[in-house]
Number of protein chains: 4
Amino acid sequence: MGTHQARRGDTRQRIQDVALELFLERGYEKTSLREIAEKLDVTKAALYYHFKTKEDIVIGLFQEFGRPLDELIAWGRTQPSDLDTRLELLRRYSAALQTASPLFRFAHENQPTLRELSIGQSFRERITALTELVTDAGGPLEDRARGMSALFTVHFGAFAAMEWMTGDDTPDDKRRAFLQVAEELLTAAHHPSAGTE
Amino acid sequence: MGTHQARRGDTRQRIQDVALELFLERGYEKTSLREIAEKLDVTKAALYYHFKTKEDIVIGLFQEFGRPLDELIAWGRTQPSDLDTRLELLRRYSAALQTASPLFRFAHENQPTLRELSIGQSFRERITALTELVTDAGGPLEDRARGMSALFTVHFGAFAAMEWMTGDDTPDDKRRAFLQVAEELLTAAHHPSAGTE
Amino acid sequence: MGTHQARRGDTRQRIQDVALELFLERGYEKTSLREIAEKLDVTKAALYYHFKTKEDIVIGLFQEFGRPLDELIAWGRTQPSDLDTRLELLRRYSAALQTASPLFRFAHENQPTLRELSIGQSFRERITALTELVTDAGGPLEDRARGMSALFTVHFGAFAAMEWMTGDDTPDDKRRAFLQVAEELLTAAHHPSAGTE
Amino acid sequence: MGTHQARRGDTRQRIQDVALELFLERGYEKTSLREIAEKLDVTKAALYYHFKTKEDIVIGLFQEFGRPLDELIAWGRTQPSDLDTRLELLRRYSAALQTASPLFRFAHENQPTLRELSIGQSFRERITALTELVTDAGGPLEDRARGMSALFTVHFGAFAAMEWMTGDDTPDDKRRAFLQVAEELLTAAHHPSAGTE
DNA sequence: AATGAATGAGGGTTCATTCAT
DNA sequence: CATGAATGAACCCTCATTCAT
């Protein structure tokens, strides 16, 4: 029950938690392994026992949190490419963001780093896959814009909005509100009169 | 006479150009002054003749490119807070992004850095100001979400979309499409029946 | 039962074998215990069960392989200091190198390390002892040079030559050739007319 | 006339001097840049102003000291492949070693390191070139052994001998003695009766 | 308007070694 | 007989910055 040495075996997990926390606060590049180690009250070398490199910590994070997104895409690909599927995709994406949003915010705020970090490639591919599922590649430009906009809305509604939106609604209220706006966008994209209005 | 030394006096400008280019490519933190200097074929020390610090280069960039945004906000504050004003704000914002989009992309992709860089504060404030002009602080949550979504749509439509949207429409076509979607969103937010649907 | 764990008790030997192999390939300093352990498919800590320190592995190697040299010197000291003894020393040394040459190559290629490694001292002493047995401390400079040269010839003929000598003679052919050259050198050193030429 | 800052512009040279000195004393791997810097009373970073990497220091050393050897080889290749040429090659090699011997000793005592250091390759090639010039690729094995032995004799006579040879002859006396022994070896290799004796 | 030389702080990484289990 | 987890010291290297010239 002491402060020291109390945990055991969960060090790997703790490293990832603290790392993500600091990466979000100060960015990947500016977060040094020294900082992570100090916050955990271990040595830098201890980190290297659990992760081969700094980049490896990020890879670990994405493996853990990125799975729901993979499943979502896999599911989407088994479904017919119609409005109902897309609405459901949005809903599930919104739900997934509830827990994974820290990682996604990290991904967004550290793009130049991820671009060079191998893992970044696969993350971008997943985003691309999602947009393809939600938009109709052959449809009119406006409709595709609506699809992407719906995605932006759910996506950024999950974290960017948290900082910029005033009022005292709960995070979950906000999330649902953005989800509804996104659904309207997608529905409009499928409405025959959408492009003409 | 000679390709070298041909320019004069515009070194400051050239530094900023190259810096922004590299910041976009590799991120602010990973771009070293050495790289910038080498690409310009001058010494690191030369950079210090023109800019007091690395951060100063960023400040210079924001002063140059950030002005249109300041003017936009200033204009918005003189106008009545109604739908027409907001639509016009969107249009002007979209237009401003046409030239300033590299800087905005830089701002977005280097948020953790900017957060600590003093200049970042003022940039965030400007974004906050914009959202306040475009949404009605006292209105229903869905409407505020629509306002923010409209802003996201114009904003990310300007660069994120460029990478993720397939098809061979021109960038300007895309921009206009996103603008139109954003206008629809704002209009819906002002429609009496919007919240009930 | 199974390929693993098949050996038992010979772990110490296997460590030494793999260590010498790696020391020869990459040098003592650049060979880490991690590498040795990985190649053996055990943990670093396991090495410490068999050897107290990294240096201890080297000591072990020299004890194993260095004995023939000790015996050679001991034998030499019991013999009269004449040409026949010296020729026989050369022959025995050449023979000893046949099996011990890896260790000798290691010793030669890692001299700065050995110099600081306690065991190195004793190795150098042995070489010095050999030269004293083969040369006549009070004789003319040229003769002493011939003695050392004979030693070089046998010594480096055993490994350096392997890499630099073209042709398809067997290693043993080469060894014998160098031995013969060395014998000529020693014999010349004992010839009355040697110094006068 | 102060102790500090007294020199200027010769820092690069001083780094190389001190580096070689330490490399000889403690070996390349065990010599840290910190040690070199401290001995020079500058910062580690200063070293990096003059040399891109630790390996670069070695490269610099070889470029400086390795040139005489290159010239020797180049000269040898313009000459007829007979005894006189070979004797002259030995003499010139022996002379070259007078000044370059520290570098050659370094090369010899740090072979595993050099093998991985790119520069090492070219050094080995030079040694190979020399042996080819001094021996007759098509001749009998014994004669080739005599050629290599002659080279060993001159080569190791230049530094290894210094440590192992007792007596109070000057280094130059020793060098000349070894040179003479080497000359005898080469001459014997060209004697018709050499192999039969 | 710019350079050459240097610095101090810190980066990520690797190493030999230890010890409770 | 061996492992898992960790440490402390050191490593090479890079960075933003300075300053005399």
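Me: I've got the model open at D:Thr53. What does its side chain come up against on DNA strand F?

Reply: A phosphate oxygen: a polar side-chain atom of D:Thr53 sits 3.3 Å from one on DNA strand F. Bear in mind that this is a predicted model. For a polar contact, you look for a pair of N or O atoms within 3.5 Å. D:Tyr48 also has a polar side-chain atom by a phosphate oxygen of strand F, at 2.5 Å. From chain B, a polar side-chain atom of B:Arg34 is 3.0 Å from a phosphate oxygen of that strand.

Me: How much of what the protein meets on strand F is sugar or phosphate, and how much is base?

Reply: Take the strand F atoms within 4 Å of the protein: 64% are sugar or phosphate, and the rest belong to bases.

Me: Which residues come nearest to strand F, and which helix gives the most to that surface?

Reply: There are 33 residues around strand F, and the nearest are A:Thr43, A:Tyr49, A:His50, C:Thr43 and D:Tyr48. H3 of chain C gives the most, with five residues. Helices H2 (33–40) and H3 (44–50) of chain B each supply at least two, and so do H2 and H3 of chain D. By class, the surface near strand F has 14 nonpolar, twelve polar and seven charged residues.

Me: Now DNA strand E. Which residues come nearest there?

Reply: Among the 34 residues around strand E, those are A:Tyr48, B:Thr43, D:Thr43, D:Tyr49 and D:His50. Sugar and phosphate make up 65% of the strand E atoms that come within 4 Å of the protein.

Me: Where do I find polar atoms by the phosphates of strand E?

Reply: Start with A:Leu33, where a polar backbone atom is 2.9 Å from a phosphate oxygen of strand E. Then try the side chains: an N or O atom of A:Thr53 is 3.3 Å from a phosphate oxygen, and a polar atom of B:Tyr49 is 2.8 Å from one. The elements giving two or more residues to the surface near strand E include H2 and H3 of chain A and H3 of chain B. That surface has 14 nonpolar, twelve polar and eight charged residues.

Me: What relates chain B to chain A?

Reply: In general, two copies of a chain are related by a rotation about an axis and a shift along it. Here, a 180° rotation with 0.0 Å of shift superposes chain B on chain A, with an RMSD of 0.1 Å. That is a two-fold axis relation. In chain B, the C-alpha nearest the axis belongs to B:Glu109, 2.6 Å away from it.

Me: Why can I say that the copies meet through the same surface?

Reply: Because 100% of chain B's interface residues are also interface residues in chain A.

Note on methods
Residues numbered from 1 in each chain as written. Chains lettered and ligands numbered in written order. Predicted model: local features only at pLDDT ≥ 70, side-chain atom pairs only at ≥ 80, totals over all residues. Heavy atoms only, no water. Near = heavy atom within 4 Å. Polar contact = N/O pair within 3.5 Å; in protein donor to acceptor, adjacent residues only side chain to side chain. Helix = DSSP H or I, 4+ residues; strand = E, 2+ residues; numbered from the N terminus. Nonpolar A, V, L, I, M, F, W, Y, C, P; charged D, E, K, R; others polar. Least-squares fit on C-alpha atoms with pLDDT ≥ 70 in both. Contact = heavy atoms within 4.5 Å.
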